[in-house]
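Good morning, and thank you for coming. I would ask you to keep the picture in view while I speak.

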Amino acid sequence: MTRPSLLSFVGILGTAVLATTLNPPVGCESFSFASSPSRASATANKSRSNKWHPSNNNSDVSPLLRRKPTATQLQSSLSDNNSDVLEKISSELKELGDCTSLVYNYLSKPDKEVSVEDVVLACDAVGDASATDNESTKLYLDQFLSLRKKAHEFGRYHLLVKLLKSDYDAYVKTAEFLSPSRIDRVDLPNVQDVAFVDTKPDSDDDATKNSAAITGDDGLPLVADCELQDMSYNDSPLDKLLLSIFRNLVAENTGGVKSDTPGIKGLLEQGRQYMTQELPEGVTYADHTTAQHTMVKNTLGGLMTPVLPPFYRIFMSGIVPKLGTDYDGKQIGPWFYAPWLTSMVTPTFFGFLVGPSYPNRRSDGERGGLVVEKCKFLQESGCKGLCLHQCKIPAQEFFKEELGLELTVKPNFVTQECQWSFGESPLPPEEDPSFPTGCLVGCESRKAMAGRKSGAL
């Protein structure tokens with residue numbers, strides 16, 4: 001008897017596996033397999049020596065046990081299976097092509113041709129795609145990846161960006177109309193002038209309180225406090241380390257002003273104590289305001305170490321280093337990537353001061369924006385003076401003077417959001433219509449400064 005070769009064994013085993021896959025065996029057939037003639041002969045002899053074997057009584061054998069897949073049946077099953085697979089792949093590829101075409105159509109639309117109606121239609125398309133993304137769909141791209149919905153969301157975002165670039169006022173009105181009912185606020189390209197809409201209904205008392213003008217004891221108008229729920233901050237080990245270093249630098253640059261209170265509240269106590277301290281004779285409040293800005297800029301410079309500012313000035317702002325040439329100190333930048341890259345890096349290293357933030361677009365629609373979700377510095381201080389003189393103005397001056405990049409910081413006292421726009425020239429606070437006059441209602445610094453000159457803060 002000739003022994004089967006390895007190749008023939010693999011062929012037999014492959015045929016059995018394929019037959020089992022395409023036409024699953026039933027009952028005792030699951031234990032049988034196609035064999036060589038010698039194996040079949042041995043099996044027949046064994047059947048004759050065992051009278052109880054079902055092969056001795058063909059009338060008792062189920063037709064399912066006698067069924068063997070023929071070559072024609074195998075070929076037909078394989079062909080049907082291949083057709084189903086090819087049809088599914090074709091459908092998935094067609095859906096992928098359709099979604100790619102949608103994205104291209106959104107991106108290729110000229111900025112000046114984008115209208116409010118286009119944005120609304122994109123919102124409708126997102127809603128329709130969401131309604132069809134359920135278990136009844138047979139497409140993997142839609143059922144598990146929601147590709148069509150994401151394509152419309154991507155397109156809607158870029159339509160808003162185009163509208164932001166071409167007509168800022170129309171963008172603001174459109175964003176206020178669609179958010180938050182149809183577009184989440186975090187999905188807007190820019191939120192600095194977009195009014196916040198509280199979805200919770202106000203009581204009659206709240207409505208009266210919000211509509212009434214608020215004035216202080218001196219008769220000057222006050223700015224209403226933020227009424228949104230406070231955010232809970234989870235500081236990382238890096239945040240805690242940077243905050244500790246920053247507080248030590250503040251103590252050094254303020255002549256020893258310290259606080260035993262831990263965390264950000266302790267830092268704010270240091271800042272408030274320094275801002276509201278009694279001034280020596282001959283020192284004006286204008287001088288002290290400048291001293292606050294200088295203190296913060298020196299602290300930021302110390303935090304960045306002597307290495308980072310020169311590196312940033314060269315590779316981000318395009319300032320020629322001192323090489324003994326006629327171009328020393330001249331700025332040929334900032335480089336095109338500087339605002340965008342700065343907005344990507346900043347959330348990691350400034351979260352200890354302002355809390356969570358994420359990149360967005362500037363008011364001109366270009367990359368380089370950053371929005372702080374709910375400023376830690378402003379929430380915990382409740383003081384517009386600290387915000388203005390120990391954050392906004394010194395940060396803007398530090399980036400321009402030390403790093404060579406313009407920066408605009410725009411806090412929103414209603415939501416305590418804060419828009420940072422790298423590469424955008426800031427307006428003076430007195431000329432900025434979005435920066436209100438007067439102290440916040442609950443400001444502790446105002447109470448500490450009671451009886452002093454109104455220009456102190």
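Ser357 stands opposite Val372 in β2. This pair comes from a predicted model, and it leads us to the sheet. In total, 5 bridges join β1 to β2, and the two strands run antiparallel. For those new to the subject, strands of a sheet pair through backbone hydrogen bonds, either parallel or antiparallel.

What, then, is the order of the strands in the sheet? The sheet is open and has 4 strands, in the order β1-β2-β4-β3, with antiparallel pairing. β1 and β3, the latter covering residues 407-411, stand at the edges. Each has a single partner strand, so one side of each is left without a neighbour in the sheet. From one strand to the next, the twist averages 25°.

Let us follow β2 to its other partner. Strand β4, residues 418-422, is joined to β2 by 4 bridges, and these strands also run antiparallel. Leu370 has Trp420 in β4 as its bridge partner, while Val371 stands opposite Gln419 in β4. Is β2 enclosed or open to the outside? Since 5 of its 6 residues are buried, β2 is largely enclosed by the rest of the structure.

Next, the turn between β1 and β2. This hairpin has 5 residues between the strands, and Gly365 takes a positive phi near 85° there. Arg362 lies in the loop between β1 (357-361) and β2 (367-372). Is Arg362 buried or exposed? Its relative accessibility is 10%; the cut-off for buried is under 20%, and therefore Arg362 counts as buried. Among the residues that Arg362 touches, leaving aside those up to four places away in sequence, are Leu164, Asn190, Pro339, Phe422 and Glu424.

We now turn to the helices that lie on the sheet. Helix α14, residues 338-354, lies across β1, β2 and β4, and runs at about 20° to β2. Helix α16 lies across β3 and β4, and runs at about 160° to β3.

α16 also meets another helix. Helix α13 (residues 308-315) and helix α16 (residues 384-403) pack with their axes 9 Å apart, at an angle of about 75°. The two helices are therefore roughly perpendicular to each other. On the α13 side, the contact is made by Pro309, Tyr312 and Arg313; on the α16 side, by Phe399, Glu401, Glu402 and Leu403. These residues divide into 4 nonpolar, no polar and 3 charged.

Helix α7 offers a useful exercise in checking a length. The helix has 20 residues, 147-166, and at 1.5 Å a residue it should span 28 Å. Its end C-alpha atoms are 29 Å apart, which agrees with that expectation. Which residues of α7 are buried? They are Ala151, His152, Gly155, Arg156, His158, Leu159, Leu160, Val161, Lys162, Leu163 and Leu164. One of these, Leu164, is touched by Arg362. When reading such a list, recall that an α-helix has 3.6 residues a turn, so residues three or four places apart point the same way.

Finally, a residue in another loop. Gly256 is found between α10 (237-253) and α11 (263-275). At 45% relative accessibility, Gly256 counts as partly exposed. Gly256 and Gln270 are 14 residues apart in sequence, and their C-alpha atoms are 9.5 Å apart in space.

Thank you for your attention.

Methods: Residues are numbered from 1 along each chain as its sequence is written. This is a predicted model: local features need pLDDT of at least 70, side-chain atom pairs count only at pLDDT 80 or more; totals for chains, interfaces and linings use all residues. Side-chain values use heavy atoms; hydrogens and water are left out. The expected span of a helix is 1.5 Å times one less than its number of residues. Buried means under 20% relative accessible area, exposed over 50%, partly exposed in between (1.4 Å probe, protein chains only). Axes are lines fitted to C-alpha atoms, for helices over the stretch in contact, and angles run from 0 to 180 degrees between N-to-C directions. Angles under 35 degrees count as roughly parallel, over 145 as roughly antiparallel, 65 to 115 as roughly perpendicular and the rest as oblique. Contact means heavy atoms within 4.5 Å. Ala, Val, Leu, Ile, Met, Phe, Trp, Tyr, Cys and Pro count as nonpolar, Asp, Glu, Lys and Arg as charged, and the others, Gly among them, as polar. Two strands pair if DSSP finds at least two bridges between them.
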